Amino acid sequence: MKRADVVLIVLLILLAISLIFIFLIVGGREGSVVAVHVDGVEVLAVDIRRNDGEIFRIKTERGHNEIMISGGRVRMVYADCPDQYCIRMGPISNIWQTITCLPNRVIVELRNGT
């Protein structure tokens, strides 16, 4: 290996470590607002701290979903879609995490602010 190759490899490794570190720091923040989108349009935005224990129903032209906020986390508790992947995704609590129900075209995300 040439010296330039070694330098390039070291720089790429440092870049990868830096990106992982940034992702963990920024991506690990807890969200304060639950936002629900249907067909790309936001239909619900609620404060996660003020609605602990609440269940929200989302009815679309394609189906019906329910999300529950509990302990600073949100999860899909009901979906009438055939595959049930959205329910198996489990709860989310950090920004950049989402729950997606593709058959019903519902996306649940956490974000900061209102």
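**View 1. Strands β6 and β7 pair up antiparallel.** In this predicted model, β6 covers residues 98-101 and β7 covers residues 106-111. Four bridges join the two strands. Look for Ile99 on β6: its bridge partner over in β7 is Val108.

**View 2. Now for the turn of the β6 and β7 hairpin.** Four residues sit between the strands here. Keep an eye on Arg105, whose phi is positive, near 60 degrees.

**View 3. Strand β6 has two faces, one covered and one uncovered.** Which residues of β6 make up the covered face? They are Ile99 and Cys101. Thr98 and Thr100 sit on the uncovered face. So that you can link this to the pairing, remember that Ile99 is the residue bridged to Val108.

**View 4. Step back, and the whole chain comes into the frame, with two helices and seven strands.** Starting at the N terminus, you meet them in the order α-β-β-β-β-β-α-β-β. The radius of gyration is 19 Å, well over the 13 Å that the globule rule gives for 114 residues, so the chain is more spread out than a compact globule. Its C-alpha trace spans about 60 × 30 × 25 Å along the principal axes.

**View 5. Here we look at the surface of the chain, about 7,500 Å² of it accessible.** Carbon and sulfur atoms own 59% of that area. Of the 114 residues, 35% count as buried. As for charge, there are 13 positive and 12 negative side chains, and the centres of those two sets lie 6 Å apart.

Key:
Residues numbered from 1 in each chain as written. Predicted model: local features only at pLDDT ≥ 70, side-chain atom pairs only at ≥ 80, totals over all residues. Heavy atoms only, no water. Rg over C-alpha atoms; globule rule 2.2 N^0.38 Å. Buried < 20%, exposed > 50% of the residue type's maximum accessible area, 1.4 Å probe, protein only. Areas by Shrake-Rupley, 256 points an atom, 1.4 Å probe, with all protein chains shown as cover. Lys, Arg positive; Asp, Glu negative; His and termini not counted. Charge placed at Lys NZ, Arg CZ, Asp CG, Glu CD. Pairing = 2+ DSSP bridges.
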